[in-house]
Amino acid sequence: MCGIVGYIGKKDINKILLDGLKELEYRGYDSAGIATMSDGEFKEYKAVGKIKNLEKKIYQTSETKNNTDKSSTGIGHTRWATHGKPTELNAHPHLGDYSYVVHNGIIENYKELKDELIQVGKKFVSQTDTEVIVHLFEYYFDKLNDSKKAFDATISRLQGAYSILLITQAQPDKIYFIKLGSPLAIATCSDGEYYIASSQSPLIGLANSVTYLEDGISGVVYENKVEFFEKNKRVTNDIKWQDLPISKLSAQKDGFRFFMEKETYEQSSVIVDTMMGRIKDDEIVFDEFDSDFLKNIDGVLISACGTSYHAGLTGSYLFERLSKIRTQVEVASEFRYKQPLLSNKTLFIAISQSGETADTIEALKMAKKAGLKTVVVCNVDNSSMTRVADVTILLRAGIEKGVASTKAFSTQVTVLWMLSLYIGKQIKTISNKLLKSEIKALRETPKYLIIDENIHQKCQRLSKRYLHGDGFFFIGRDVFYPLSLEGALKLKEISYIHAQGYPAGEMKHGPIALADEKLFTIALMPKGLLYEKTKSNVQELIARDSVVLSISPISFKLADDFIKTKDSEHYMHEFFEMLVVLQLFSMEVAIRLGNDVDMPRNLAKSVTVE
Ligand code: AGP
């Protein structure tokens, strides 16, 4: 949630901060702001809404218009509101009397700190938790007259998970930083300039060397130098610098209308990358595991949120069916507080596109603390989860920018399918015959993710009809049940229409009471899995006037609308083909409604608060 950038150097600082914020905008876009400093004087710009509003404001002033602004130090932020409404007053950077701060994450004890600071005369103008940081810093600076000591004293009082950048007139030309539970990276280039950001995308193309900070690392960036500290002690050797990719090309839209569309179309090729080197002849190979890692494992526990949870749920069917291992799936925000009974013979698998989802990180930490072997299935290397888990399996999906997750889901399911076969082989529960036929099916999967333009056009046409009504049920059985949950989530998050995924066989236990001509049902009717059973459930809905869109390789005359998918031997091929239909369908409905598909309201790409 939220995005942070910082820069010290001689280039056009407004452009650098704005470009960086644009890269991070998908993480939160309620408001944005920058503060820059030149010769000890501050300039501040803030705007509600998207970065383009901020850009307009910045280029209204003559200095910025004529490019005569000589500021050399600056910080910026794009916000997803947690405390206080999305207003300019609540937008970062927050000003004290002579310092500015930007912050990602949450300061849990901000109320106590605020009361304390009000008592010593500090005036608050925002409703945010962030503002306490800047007042606390100035309170300590006024006492200690040393900005490093004041920054250390400030962070020693903060509880929660955060990354922070602070600039102050008391010591201009420096940026103070801390990372604790929320990502932060510092990058540099041959010119000796420093760039700071909460993820690597704003740094690509500007810098060539980067360090992803570990929790608890704070420091100061100067022109031409950076110092790192841990618990007030200078750290040098433990800071690992690595090369940054130089091309931004993969993060562009490539002529598609939205990143979501581009990412939906990419799925067929990215799952080839996901499988690359992991399927050799008739074996699944995960070099990520040591040979005895899975020894003595007698169960699997998966935890995740949102789309990643749906992937986990799909995986649970595959694990039990293919590797015959008991598998449980938990929504991470529930798991972490239910005081679960954990056995160290259980393999814990966290699933996360970003690797930064607060609830999933906590679930992972809990499992690790309880002595379970931990694996994270993740798309972002060097993310918080990859640093906690014993083993990381990367999705290799490439940067996913659309807030509505698409290619992360298909690659997650692919990894889980492969893992179910790998585990089955390791614990000797899968026959060679089944392993062989599943691997054959896996190899054929990419072609089922290639988008048939006729189906895309049909989704475009159907989106007109399915705009109205009282809401949607997406129904399916077996793995098509988690797929129905995912279809409903996609539609909800970008079209803002109420939709619910449901097991097809459960409808008659209550929800069927909602069926009438204003209820839309999207029925997932695979040929290869429980077709007749699902068909009966759909007929029950048709008998009660629900408008039905059937997605199936078998034509179903009773349905109001029908999307024909390919015939296949394997139900997982049908799964992936139907997934694409659901993604295209929800995208076309959202486009027809005029919604911002890539940045839907109220959401953020990475949910780093619980
Ligand atoms: C998916 O479309 C959502 N934006 C959301 O549910 C997401 O999957 C969830 O927040 C989990 O994120 P993660 O995979 O990065 O952990």
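**Exercise 1. Find which residue of β6 stands opposite Leu95, and place β6 among its partner strands.**

Step 1. Leu95 faces Tyr100 in β6. Strands here are DSSP runs (E, at least two residues), numbered from the N terminus.

Step 2. The model is predicted: local features need pLDDT of at least 70, side-chain atom pairs count only at pLDDT 80 or more, and totals for chains, interfaces and linings use all residues. Numbering starts from 1 along each chain as its sequence is written, and side-chain values use heavy atoms, without hydrogens and water.

Step 3. β5 (residues 94-95) and β6 run antiparallel, joined by two bridges. Pairing requires at least two bridges found by DSSP. Three residues separate β5 and β6 in a hairpin.

Step 4. β6 also pairs with β7 (residues 160-168), antiparallel, over nine bridges. There, Asn104 stands opposite Ser163.

**Exercise 2. Is strand β6 largely enclosed or open? Count its buried residues.**

Solution. β6 spans residues 99-107. Eight of its nine residues are buried, so β6 is largely enclosed by the rest of the structure. Buried means under 20% relative accessible area (1.4 Å probe, protein chains only).

**Exercise 3. List polar contacts to the ligand, then state how much of its area the protein covers.**

Step 1. A polar contact is a pair of N or O atoms within 3.5 Å.

Step 2. A side-chain N or O atom of Glu493 lies 2.4 Å from a ligand oxygen. Backbone N or O atoms supply two further distances: 2.8 Å for Ser405 and 3.1 Å for Thr307.

Step 3. The protein covers 91% of the 420 Å² of accessible area that the ligand has on its own (Shrake-Rupley, 1.4 Å probe).

How values were computed: A polar contact is a pair of N or O atoms within 3.5 Å; within protein, one must be able to donate a hydrogen and the other to accept it, and residues adjacent in sequence count only if both atoms are side-chain atoms. Buried means under 20% relative accessible area, exposed over 50%, partly exposed in between (1.4 Å probe, protein chains only). Helices (H or I, at least four residues) and strands (E, at least two) are DSSP runs, numbered from the N terminus.
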